[in-house]
Amino acid sequence: MARALELAELGRGRVAPNPMVGCVLVADGEVVGEGWHRAAGLPHAEAEALAAAGERARGATAYVTLEPCDHHGRTPPCTEALLSAGVGRVVIATLDPDPRVAGAGVARLRGSGVEVEVGVLAAEAEKRNEAYLTSRRLGRPFVLYKTAMTLDGKIATRTGRSRWITGERSRARVQRWRNELDAVAVGVNTVLLDDPLLTTRLDGGRTPLKVVFDSVARTPPGARLFEPDAAGVDARVLLFVTERASERRTAELEARGAEVVVMPEVQGRVDVRAALAALDRRGVSGLLLEGGGTLAWAFFEAQAVDRVAWFIGPKLLGGPGASPLGGVGVAAMDEALTLTEIATETLGVDVLVTGRVRYPAPSAGVEGA
């Protein structure tokens, strides 16, 4: 199963809206076939492994990182492929919460006389596939919030400049996340202040969908985020606006190549939950949130941030404001959001703190919860 998880990892950033899946076939103590899901629409991991094994799949044990599907989509059901090949035993890391699967794959296999075991390396499999699992369970993308601040808690100088708080190694890590996740999101203030490209500058990398939360369509049509990436691939830009956005400006942005989507409004800004549901419907399973403090707090209010990646650069800027988080904040310490699964890492001279967000109970009063 550990090998199957390694194989599944090869599909990271390329399979959405599908899950990453790896499969290893073992017969008489020997690996006879391996496979992984490479991209949506291509053969599933089980099909690849079975093709590699050929006749040696008969009576073999299949180790699969996610429950085999039992429905027709862009590819045939994996349960049928396993049964047709005569596999005798299937070991599964974790069940698939997709309503079209959700135990049906296990039931089909067991009902056909195949021995099935579930739960081997389940925790590791869940963590590796947390974007897909979040999408299927919550109907929204998995959200990683990335921010960088100085030792005194600033994300910019008093004139609004933020390049660069952290060093090259930290910025390279962000490039890796852009390559792996399906979309990157910022607020319009970030576009106006920093004019970012939001591209992935890695050899063989893929620039994600660029998402801008822009209530009244202030994004300049000449912004750099509309430019092709280093490989010449045209930018994919999605702007979420409200009904207050002018038709003239939205038409200009659409002429520039943007997809402009009108969203419901909450407290004068785009409804985060509605926007995330719209992204999920577009097949976005994982989102990197790089916006400023106001947009970030709106995501936290909506309980829509799953993990944080908090870079700390050894610099001091002084002055008021420029906090990583804006909004009204909480009133009492027991209303604070806390982190679990905390890890710290040194990247050059910077420190990176990551963790999963734990939200207080609704009665504790996080606004918007």
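Which residue lies over the face of Trp 36, and at what distance from the ring centre? In this predicted model, that residue is Arg 38, placed 3.8 Å from the ring centre of Trp 36. A second contact of this kind involves Arg 171, whose charged end sits over the ring of Trp 164 at 4.4 Å from its centre.

**Aromatic pairs**

Ring-to-ring contacts were searched for across the whole structure, and 6 aromatic pairs were found. One of them joins Trp 177 and Phe 311 in a tilted arrangement, with 5.9 Å from centre to centre and 50° between the planes. Because Trp 177 belongs to helix α7 (residues 168–180) and Phe 311 to strand β14 (residues 307–313), this pair ties together parts that are 134 residues apart in sequence. Trp 177 has a relative accessibility of 10% and therefore counts as buried, and Phe 311, at 1%, counts as buried too.

Phe 213 and Phe 299 form an edge-to-face pair, because their ring centres are 5.5 Å apart and their planes stand at 75°. Phe 213 lies in strand β8 (residues 209–213) and Phe 299 in helix α11 (residues 293–301), so the contact ties together parts that are 86 residues apart in sequence. Both Phe 213 and Phe 299 are buried.

The two pairs are set out below.

| Pair | Centre to centre | Angle between planes | Arrangement |
|---|---|---|---|
| Trp 177 and Phe 311 | 5.9 Å | 50° | tilted |
| Phe 213 and Phe 299 | 5.5 Å | 75° | edge-to-face |

**Aromatic cluster**

Four aromatic residues, namely Tyr 145, Trp 297, Phe 300 and Trp 310, form one aromatic cluster.

How values were computed:
Residues are numbered from 1 along each chain as its sequence is written. This is a predicted model: local features need pLDDT of at least 70, side-chain atom pairs count only at pLDDT 80 or more; totals for chains, interfaces and linings use all residues. Side-chain values use heavy atoms; hydrogens and water are left out. Rings of Phe, Tyr and Trp (its six-membered ring) pair if their centres lie within 6.5 Å; planes under 30 degrees apart count as stacked, over 60 as edge-to-face and the rest as tilted. Helices (H or I, at least four residues) and strands (E, at least two) are DSSP runs, numbered from the N terminus. Buried means under 20% relative accessible area, exposed over 50%, partly exposed in between (1.4 Å probe, protein chains only). A charge sits over a ring if NZ of Lys or CZ of Arg is within 6 Å of the ring centre and within 35 degrees of the ring normal.
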